[in-house]
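Hi,

Here is the structure I promised to pass on. Have a look first, and then read my notes on what turned up in it.

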Amino acid sequence: MRVNWRAVLEQTNPSAAMLPVTLHAAQLLILAGHRTEAAAALQDLVERYPSDLQAHQQLAALLMRIARPVEAEQVLKKVALIEAKYYAAQPQDMAGIVAFLESSMSTSAAPRTAPATFVTSLFDQNAERFESLLRESLEYKAPELLFAACQKVSSIKLESLQILDLGCGTGMVGEVFRPYATQLVGVDLSTKMLEIARRKSVYDALHAADIVPYLQGLTQQFSLIVAADVFVYIGDLDSVFAAAKKSLTPGGHFAFTVEASPEADYFLQAVRRYAHSKSYLERLARQYQFEIKELDETSTRLESLRPVPSYLAILQAR
């Protein structure tokens, strides 16, 4: 039997109770302490507007708060289906994107990496405003932090470097490292981001590709491989480390940042980015015969106005 949320709302706000159901009506009920009735109002809202992403998200969150997790999980499945449509993908790619989004909102096992189509679409859609968002709103500083760390590592000579910039995006890493490179190559999934990087004229070559297959197919080696906040879209870094080791000159360096996980090797956060643990990075370094030159706690950006706990690593190929 449906909860009569309108009758409850009428006691405190008769005018709102007379109107078609809205998010505002649900919020009024929550403020008055009527969470069960608010959930019923939100249920009516999502039935009225089955593609309303915000209404579904608020319903799922409220159901979790009132200890109805099974129902919340069902709503989250719908959230993933609705949101997946925002990412321009071929029909055959949708299932992977839905599974990825759903796992970020639940306790189910996360995929080993974000779908390439999700990443490509996300950055293609945001390319033109990407730098202003990162720099002005999120206080992004990964390129500068990586460069400062490289300056401190005595085995890195900041001159005549052959540099590969993984996930180069719009070229912020390239702008910082270009004066010290005889060769600077960038690779990224997003062609829109690469168009902006190309305008800066700091790279000798730019390639639209997934970074692991690109590394695996390389025939040359680099003295420095840099990846600034790229592995937040890759959970399992085993193949990345293997391919990076093959692509470095003897004694070459691998410099990167990740978001920090306190326990799990890696996990997919609700913000759709992976976090990695220090012990996981140390284990991979040993496995692929890297010497750890730096592995420090830092923060490369803000999230909800708070510093995001991160690790900055510089590894040397033995």
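To start with the charged pairs: which side chain does Arg112 meet in a salt bridge? The partner is Asp236, with 2.8 Å from N to O. Bear in mind throughout that this is a predicted model.

That pair reaches across the chain, since 124 residues separate the two partners. Arg112 sits in the loop between helix H7 (91–104) and helix H8 (116–126), while Asp236 is in the loop between strand S4 (222–227) and helix H14 (238–246). Their surroundings are not alike: Arg112 has 56% relative accessibility and so counts as exposed, whereas Asp236, at 16%, falls under the 20% cut-off and therefore counts as buried.

The whole structure has 15 salt bridges, and two others are worth opening in your viewer.

One of them joins Arg199 and Glu128 at 3.3 Å, N to O. Here too, distant parts of the chain are linked: Arg199 belongs to helix H12 (residues 191–199), Glu128 to the loop between H8 and helix H9 (130–137), and the two are 71 residues apart. Arg199 is exposed, with a relative accessible area of 54%, and Glu128 counts as exposed as well, at 61%.

The other is Arg301 with Glu259, at 3.9 Å from N to O. Arg301 is in the loop between strand S8 (290–298) and strand S9 (302–303), and Glu259 is in strand S5 (residues 248–260), 42 residues away in the chain. Both Arg301 and Glu259 are buried. This bridge doesn't stand alone, either: through shared partners, salt bridges tie Glu259, Arg273, Arg301 and Glu303 into one network.

Now for the nonpolar side. The largest nonpolar core holds 49 residues, and Leu101, Phe118, Ile163, Phe177 and Ile314 have the most contacts inside it. Helix H10 (residues 142–152) is the biggest giver to this core, with five residues. A second core, separate from that one, has 36 residues, among them Leu215, Phe231, Ala243 and Ala317.

If you want a single residue to click on, try Ile163. Leaving out residues up to four places away in sequence, Ile163 touches Phe177, Ala181, Gln183, Leu184, Val185, Phe222, Leu224 and Val226.

Last, the rings. How many aromatic pairs does a search of the whole structure find? The search gives 16. Two of the pairs share Phe254. With Phe256, the ring centres are 4.8 Å apart and the planes at 45°, so that pair is tilted. Phe254 is buried at 0% relative accessibility, and Phe256 is buried at 0% too. With Phe290, the centres of the two rings are 5.9 Å apart and the planes at 40°, which means this pair is tilted as well. Because Phe254 lies in strand S5 and Phe290 in strand S8, the second pair ties together parts 36 residues apart in sequence. Phe290 counts as buried, at 2% relative accessibility.

Phe290 also has a charged residue over its ring: Lys245 lies over the face, 5.8 Å from the ring centre.

Elsewhere, ring pairs link Tyr87, Phe100, Phe118, Tyr266, Tyr274 and Tyr280 into a cluster. Phe118 is a name you have met already, as one of the residues with the most contacts inside the largest nonpolar core.

Cheers

Definitions and conventions:
Residues are numbered from 1 along each chain as its sequence is written. This is a predicted model: local features need pLDDT of at least 70, side-chain atom pairs count only at pLDDT 80 or more; totals for chains, interfaces and linings use all residues. Side-chain values use heavy atoms; hydrogens and water are left out. A salt bridge is a side-chain nitrogen of Lys or Arg within 4 Å of a carboxyl oxygen of Asp or Glu. Helices (H or I, at least four residues) and strands (E, at least two) are DSSP runs, numbered from the N terminus. Buried means under 20% relative accessible area, exposed over 50%, partly exposed in between (1.4 Å probe, protein chains only). A nonpolar core is a set of buried Ala, Val, Leu, Ile, Met, Phe, Trp, Tyr and Cys residues joined through side-chain atoms within 4.5 Å. Contact means heavy atoms within 4.5 Å. Rings of Phe, Tyr and Trp (its six-membered ring) pair if their centres lie within 6.5 Å; planes under 30 degrees apart count as stacked, over 60 as edge-to-face and the rest as tilted. A charge sits over a ring if NZ of Lys or CZ of Arg is within 6 Å of the ring centre and within 35 degrees of the ring normal.
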